[in-house]
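Biologist: I'd like a close look at one part of this protein, the aromatic cluster and the core around it. Could you walk me through that part and how it sits in the whole chain?

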Amino acid sequence: MDVLIHLFVGLHIIGIAALLGGFLTQMKAMGRGTARYTPAMLHGALTMLVTGAVLIGLNQAQDHPVDNVKMGVKLALLIVILGLVYVKRDDEKVEKPLFALVGALTLANVFIAVLWT
């Protein structure tokens with residue numbers, strides 16, 4: 001079971017890398033006002049959602065402690081990210097504040113995962 005948990009942790013990290021990487025590649029365009037949400041950002045966020053849910057289930061099945069408040073906060077942030085990226089995925093350009101919000105929420109999600117103990 002531990003191998004399965006580690007596999008899903010790796011997939012979860014790949015999802016965050018796709019979301020954050022998509023944001024970082026568009027930062028120069030954001031400065032020009034021409035940034036857009038890339039498919040990698042949407043797929044990364046969806047990967048995070050699915051793998052996060054699986055990880056919670058696997059950890060609970062192993063009787064490992066799960067901080068439900070922390071997971072709820074992370075889920076709420078991810079739902080906002082998914083909503084923004086999904087709704088604006090076909091737009092030629094996204095307003096700077098909305099684009100920056102996705103980056104800020106993504107970073108907040110990373111820091112919550114690492115620093116909230």
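Modeller: Here is the overall layout, then the rings, then the core, and a couple of side spots at the end.

Keep in mind that this is a predicted model. The confidence is good to know before we zoom in: the protein chain averages a pLDDT of 96, and 100% of the residues score at least 70. Helix 2 has the lowest confidence, with a mean of 94, while helix 4 has the highest, at 98.

The protein chain has five helices and zero strands, so to speak of its pattern along the sequence is to write α-α-α-α-α. Along the principal axes, its C-alpha atoms fill a box of roughly 50 × 25 × 20 Å. The radius of gyration is 15 Å, which agrees with the value near 13 Å for a compact globule of 117 residues. Of the contacts with a separation of 6 or more, 80% are between residues 24 or more positions apart.

Now for the rings. The structure holds two aromatic pairs. One of them joins Phe23 and Phe99, which are stacked with 5.0 Å from centre to centre and 20 degrees between the planes. This pair links distant parts of the chain, since Phe23 sits in helix 1 and Phe99 in helix 5, 76 residues apart. Phe23 and Phe99 are both buried.

Tyr37 and Phe99 make a pair as well: the ring centres are 5.5 Å apart and the planes meet at 25 degrees, and under 30 degrees counts as stacked, so this pair is stacked. Tyr37 is in the loop between helix 2 and helix 3 and Phe99 is in helix 5, so the pair ties together parts 62 residues apart in sequence. How buried are these two? Tyr37 has 1% relative accessibility and counts as buried because the cut-off is under 20%, and Phe99 is buried with a relative accessible area of 0%. Put together, the ring pairs link Phe23, Tyr37 and Phe99 into a cluster.

Next, the core. In soluble globular proteins, nonpolar side chains tend to be buried together. The largest nonpolar core here has 22 residues, and Tyr37 and Phe99 are in the group that touches the most other members, along with Leu19, Met41, Ile81, Val85 and Val102. Helices 1, 2, 3, 4 and 5 each supply at least two residues of this core, and the largest share, six residues, comes from helix 4. Take Ile81 as a case: apart from its neighbours within four places in sequence, Ile81 is in contact with Leu19, Ala45, Val102, Leu105 and Thr106. Across the protein chain, 33% of the 117 residues are buried.

Two side spots are also worth finding on your screen. Arg89 lies over the face of Tyr86, at 3.9 Å from the ring centre. Then there's Asp63, in the loop between helix 3 and helix 4. Most residues other than glycine have a negative phi. Asp63 has a positive phi of about 60 degrees although it is not a glycine. With a relative accessible area of 69%, Asp63 is exposed, because the cut-off for that is over 50%.

Note on methods:
Residues numbered from 1 in each chain as written. Heavy atoms only, no water. Core = buried A, V, L, I, M, F, W, Y, C linked by side-chain atoms within 4.5 Å. Buried < 20%, exposed > 50% of the residue type's maximum accessible area, 1.4 Å probe, protein only. Helix = DSSP H or I, 4+ residues; strand = E, 2+ residues; numbered from the N terminus. Contact = heavy atoms within 4.5 Å. Phe/Tyr/Trp six-rings, centres within 6.5 Å; stacked < 30°, edge-to-face > 60°. Lys NZ or Arg CZ within 6 Å of the ring centre and 35° of its normal. pLDDT = per-residue confidence, 0-100. Rg over C-alpha atoms; globule rule 2.2 N^0.38 Å.
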